[in-house]
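Open the model in your viewer, with the sequence panel beside it. The stops below go from the whole chain to helix pairs and then to single residues.

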Amino acid sequence: MGWPMPPPPANQGPPPPGYQAYSPTPSPGWTRAGFGARFGASLLDSLLYGLLTTALVIPGIVLLIAAFDGCTTINDEIICPTDSLQGGTLAGGIALILAALLIVFVVYVRALGRTGQTWGRKIVGVKVVGELTGTPIGFGKALGRVLFANAISGQIFYLGYLWMLWDDKQQTWHDKVVGSIVVRT
């Protein structure tokens, strides 16, 4: 999806080969999503993907509890006879929980990369696209965006998220790192 080139200035001749001007709006009719829409989409994503995570993690928790079935608690200390702790069940429970977390993470990042819309973003009507292309950002950039958002943007009073309030392009820090913007659909 290319951008139409603006007409060259009258005194400079045609633009150089491959020239493509920056356009602040990736597609005609699209507008940048405001803070409220982005925050609402984030809340819905937390709720919906959280419910999916919970549904997948519960069997792992059941296995963890079953692994300690023969153990007792004395003075807030878990005491297990040598043959009562079920190591296989314990390992299975831990593996199931880790697999559930990984599955939900991959589903989220894949949706963000392929379509620009996670479940919450689809409900609210916003989309993450490349700043210059107007197309979904792909799995690699989506992964980087999510990791940067969780590791950096939210760490100092959520300053990386709030940055969009005074940024001229309405970008958060994680948008800037991967070259994405959030638009209304």
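Buried means under 20% relative accessible area, exposed means over 50%, and partly exposed covers what lies in between. The model is a predicted one.

**Whole chain**

Start with the entire protein chain, coloured by secondary structure. The chain has six helices and four strands. Read from the N terminus on, the elements run α-β-β-α-α-β-α-α-α-β. Switch to a surface display next. The accessible surface of the protein chain comes to about 11100 Å², and carbon and sulfur atoms hold 67% of that. Of the 185 residues, 31% count as buried. Among contacts in the protein chain with a separation of 6 or more, 65% are accounted for by residues 24 or more positions apart.

**Helices α1 and α2**

Select residues 35–67 for helix α1 and residues 87–115 for helix α2. How do two packed helices get described? The angle between their axes and the distance between the axes are used. For α1 and α2, the axes come within 7 Å and cross at roughly 170°. Angles over 145 degrees count as roughly antiparallel, and α1 and α2 are therefore roughly antiparallel to each other. By class, the contact of α1 with α2 has 21 nonpolar, five polar and one charged residues.

**L43 on helix α1**

Stay on helix α1 and pick L43, which is placed in this helix. Is L43 buried, partly exposed or exposed? L43 counts as partly exposed, because its relative accessibility of 48% falls between the 20% and 50% limits. Now add G120 to the selection. L43 and G120 are 77 residues apart in sequence, and their C-alpha atoms are 7.5 Å apart in space.

**Helices α2 and α4**

Keep helix α2 and add helix α4, residues 138–153. The axes of α2 and α4 come within 8 Å and cross at roughly 120°. That angle makes α2 oblique to α4. The crossing in which α2 passes α4 is right-handed. To show the contact, display side chains on both helices. On α2, the contact is made by F105, V106, Y108, V109, R110, L112 and G113. On α4, the contributing residues are G138, F139, A142, L143, R145, V146 and L147. By class, this contact of α2 with α4 has 10 nonpolar, two polar and two charged residues.

**The loop before α4**

Move to G134, in the loop between β3 (126–130) and α4. G134 has a relative accessible area of 6% and is therefore buried. Select V182 as well. G134 and V182 are 48 residues apart in sequence and 9.8 Å apart in space, C-alpha to C-alpha.

**Strand β4**

Select residues 180–184, strand β4, and find I181 within the strand. I181 counts as buried, because its relative accessibility is 0%. Then measure from I181 to A33 in the viewer. These two residues are 148 apart in sequence and 8.6 Å apart in space, C-alpha to C-alpha.

**The loop between α5 and α6**

Next comes M164, which lies in the loop between α5 (159–162) and α6 (173–178). M164 counts as buried, because its relative accessibility is 3%. Which residues does M164 touch, not counting those up to four places away in sequence? They are A33, G34, F35, R38, Q170, Q171 and T172. For F35, one of these residues, the C-alpha to C-alpha distance to M164 is 7.5 Å, with the two positions 129 residues apart in sequence numbering.

Go on to Q170, found in the same loop between α5 and α6. Q170 is a residue other than glycine with a positive phi, near 55°. With a relative accessible area of 28%, Q170 is partly exposed.

**The loop between β1 and β2**

Finish at N75, in the loop between β1 (72–74) and β2 (77–79). What is the phi of N75? The value is near 50°, which is positive in a residue other than glycine. N75 counts as exposed, because its relative accessibility is 75%.

Methods. Residues numbered from 1 in each chain as written. Predicted model: local features only at pLDDT ≥ 70, side-chain atom pairs only at ≥ 80, totals over all residues. Heavy atoms only, no water. Axes fitted to C-alpha atoms, helices over the stretch in contact; angles between N-to-C directions. Helix = DSSP H or I, 4+ residues; strand = E, 2+ residues; numbered from the N terminus. Parallel < 35°, antiparallel > 145°, perpendicular 65-115°, else oblique. Left-handed = near helix turned anticlockwise from the far one by under 90°. Contact = heavy atoms within 4.5 Å. Nonpolar A, V, L, I, M, F, W, Y, C, P; charged D, E, K, R; others polar. Buried < 20%, exposed > 50% of the residue type's maximum accessible area, 1.4 Å probe, protein only. Areas by Shrake-Rupley, 256 points an atom, 1.4 Å probe, with all protein chains shown as cover.
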